[in-house]
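Biologist: I'm new to reading folds, and I'd like a close look at one part of this one. Could you take me to a residue in the middle of things and then work outwards from there?

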Amino acid sequence: MKKVIEFLQQNPVQYLATVGRDGKAKCRPFMFVLAKDNKLWFSTNNTKDVYKDMQKNPYIEISIASPQYAWLRLNGKVVFEENKEIKEAYMNNPIIKSQYKTADNPIFKVFYLENPHGTIADFSGKEPYVF
């Protein structure tokens, strides 16, 4: 999981894909902020379509490419959790803090990926890292 966390941290803008409530694919920019207790944590707010889409179908895929032409594809099941400790840790990120002000903001939601799996690969011809 260390390689995955490093890749996410080094490439701060990822793209999160869901199946929309209309049954069509949706893809949005997202940002990874935190790994804790061997979980990859993300956040959103409960007024956004992405939150509603993940409530209906919690299976997502995240895709990222590095400037060196390596990429990561990450799949998992979204699990929303009212976790005060994680929300407080998120307040250390100035972008998150500017949006939500406090960890107690009722629209601020955090989630982790249950059973995350995927691949890190590139064009080098070497075997991809599968996790």
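Modeller: Sure, let's start with I62. Setting aside its neighbours within four places in sequence, I62 touches Q14, Y15, L16, F42, L72, R73, L74 and L113. Keep in mind as you look that this is a predicted model.

I62 belongs to a bigger group. The largest nonpolar core has 33 residues, and I62 is listed with L16, L40, F42, I60, Y90 and F111 as having the most contacts inside it. Who else chips in? At least two core residues come from each of α1 (2–10), β4 (39–45), α2 (49–56), β5 (59–65), β6 (70–80), α3 (84–90), α4 (94–100) and β7 (108–122). The largest share, 6 residues, is supplied by β7. As a bit of background, nonpolar side chains in soluble globular proteins tend to be buried together.

Now let's place those pieces in the whole chain. The protein has 4 helices and 8 strands. If you walk along the sequence, you meet them in the pattern α-β-β-β-β-α-β-β-α-α-β-β. Contacts also reach a long way along the chain: among those with a separation of 6 or more, 62% join residues 24 or more positions apart.

Next, slide over to strand β4, where you'll find T44. Is T44 buried or exposed? T44 counts as buried because its relative accessibility is just 3%, and the cut-off for buried is under 20%. Again leaving out neighbours within four places in sequence, T44 has a long contact list: F30, V50, Y51, M54, F80, Y100, I107, F108, K109 and F111. You've met F111 already, as one of the core residues with the most contacts. For a sense of distance, T44 and I5 sit 39 residues apart in sequence, and their C-alpha atoms are 19 Å apart in space.

Helix α2 has a residue to look at too, namely D53. With a relative accessible area of 3%, D53 is buried. Beyond its neighbours within four places in sequence, D53 is in contact with T18, V19, G20, R21, K26 and R28. Speaking of charges, the protein as a whole carries 19 positive and 14 negative side chains, and the centres of those two sets are 5 Å apart.

Then there's T119, in strand β7. T119 counts as partly exposed because its relative accessibility is 26%, and that class runs between the 20% and 50% cut-offs. Away from its neighbours within four places in sequence, T119 touches W71, L72, R73, P128, Y129, V130 and F131. Two of those names, L72 and R73, are also on the contact list of I62. T119 is 107 residues from P12 in sequence, with 17 Å between their C-alpha atoms.

For a change of scene, try two loops. N38 is found in the loop between β3 (34–36) and β4, and Y69 in the loop between β5 and β6. What is the backbone doing there? N38 has a positive phi of about 60 degrees although it is not a glycine, and Y69, not a glycine either, has a positive phi of about 65 degrees. N38 counts as exposed at 64% relative accessibility, and Y69 counts as exposed at 60%.

Finally, zoom out to the full protein. What radius of gyration would you expect for a compact globule with 131 residues? It would be near 14 Å, and the protein has 15 Å, which agrees. Along its principal axes, the C-alpha trace spans about 45 × 35 × 25 Å. Of the 131 residues, 41% count as buried, D53 and T44 among them. As for the outside, the protein exposes about 7600 Å², and carbon and sulfur atoms supply 53% of that area.

So if you go back to the picture, try this route: begin at I62 and its partners, step to buried T44 in β4, and finish at N38, exposed in its loop.

Terms used. Residues are numbered from 1 along each chain as its sequence is written. This is a predicted model: local features need pLDDT of at least 70, side-chain atom pairs count only at pLDDT 80 or more; totals for chains, interfaces and linings use all residues. Side-chain values use heavy atoms; hydrogens and water are left out. The radius of gyration is taken over C-alpha atoms; the globule rule is 2.2 Å times the number of residues to the power 0.38. Buried means under 20% relative accessible area, exposed over 50%, partly exposed in between (1.4 Å probe, protein chains only). Contact means heavy atoms within 4.5 Å. Accessible areas come from the Shrake-Rupley method with a 1.4 Å probe; for residues, only the protein chains shown count as cover. Lys and Arg count as positive and Asp and Glu as negative; His and the chain ends are not counted. The place of a charge is taken as NZ of Lys, CZ of Arg, CG of Asp or CD of Glu. A nonpolar core is a set of buried Ala, Val, Leu, Ile, Met, Phe, Trp, Tyr and Cys residues joined through side-chain atoms within 4.5 Å.
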